[in-house]
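Please look over the sequence and the model shown here before reading on.

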Amino acid sequence: MLHCPNCGLQSFEFDGNKVYRCKACHYEFFFNAATAVGALIEKDGDLLTGVRARAPGQGLLDLPGGFVDPDESLEQALKRELDEELSISPSSMRYFSSGSNRYLYNNVEYTTCDVFFMCEIDSFEGMQANDDISEYRWVPLDEITLHAFAFKSVQNVIAKLKETYKPFSGKAP
Ligand SMILES: [Zn+2]
């Protein structure tokens, strides 16, 4: 992006962080972090993950989720993504943590703020991988390798989950 959308001159410069400024007419264009959501879904000590069908990170693991659309809440976006990617519906979702990422797509590096929710799913009947994920995998939390995941924010949230996770099972240790 070199041409200013206001005056048309080739005088547009990126500050390297979040704003393009026109040296000629001083027009500013902000390039803010995009919002994304991810779901932490656990069952019997296993975490539900998906294999990314597309770049960036094609073939690597990811959490179910995706970008928040215009006019959506975080919860609406996550419900939509869980339906699109896995055909499942959460009965509850609770904020867990958030983290930043850089996301290279079509040679443009986007910054994101990823928000993660613990989700409860009453029924996994009919679950199937669609859309951005090619297959789903249940991965035992105590066997997870962080570098199998495509994004730093996801690696960080899984590390935090592993630290804090206590199985609810009533079984004797
Ligand atoms: Zn201009």
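The paragraphs below go from the domains to the sheet, its helices, the core and one residue.

This is a predicted model, in which local features need pLDDT of at least 70 and side-chain atom pairs count only at pLDDT 80 or more, while totals for chains, interfaces and linings use all residues. Residues are numbered from 1 along each chain as its sequence is written.

The domain assignment gives domain 1 (1–31) and domain 2 (34–164); such bounds come from an automatic or database domain assignment. Between the C-alpha centres of domain 1 and domain 2 there are 34 Å.

Helices (H or I, at least four residues) and strands (E, at least two) are DSSP runs, numbered from the N terminus. Two strands pair if DSSP finds at least two bridges between them. An open sheet of 4 strands follows the order 8-4-10-9, and its pairing is mixed. At its edges are strand 8 (65–67) and strand 9 (90–105), each pairing on one side only. From one strand to the next the twist averages 20 degrees. Angles run from 0 to 180 degrees between N-to-C directions, with axes that are lines fitted to C-alpha atoms, for helices over the stretch in contact.

Inside the sheet, strand 4 (residues 34–40) is joined to strand 10 (residues 108–121) in the parallel sense over 7 bridges. Ala-36 has Asp-114 as its bridge partner in strand 10. Helix 2 (residues 152–164) packs on the sheet and touches strand 4, strand 9 and strand 10; the direction of helix 2 makes about 140 degrees with that of strand 9. Helix 1 (residues 74–86) lies across strand 4, strand 8, strand 9 and strand 10, and runs at about 60 degrees to strand 4.

A nonpolar core is a set of buried Ala, Val, Leu, Ile, Met, Phe, Trp, Tyr and Cys residues joined through C-beta atoms within 7 Å. The largest one has 27 residues, of which Ala-39, Leu-40, Phe-117 and Val-154 touch the most other members. Two or more residues each come from strand 4, strand 6 (46–52), helix 1, strand 10, strand 11 and helix 2. Two residues are in contact if their C-beta atoms, placed from the backbone, lie within 7 Å. Beyond four places in sequence, Phe-117 touches residues including Val-37, Leu-78, Met-93 and Tyr-95.

Ser-134 lies in strand 11 (residues 133–140). Ser-134 counts as partly exposed because it has 14 C-beta neighbours inside 10 Å; a residue is buried with 20 or more other C-beta atoms within 10 Å of its own, exposed with 12 or fewer, and partly exposed in between. Leaving aside neighbours within four places in sequence, Ser-134 is in contact with Val-51, Ala-53 and Ala-129.
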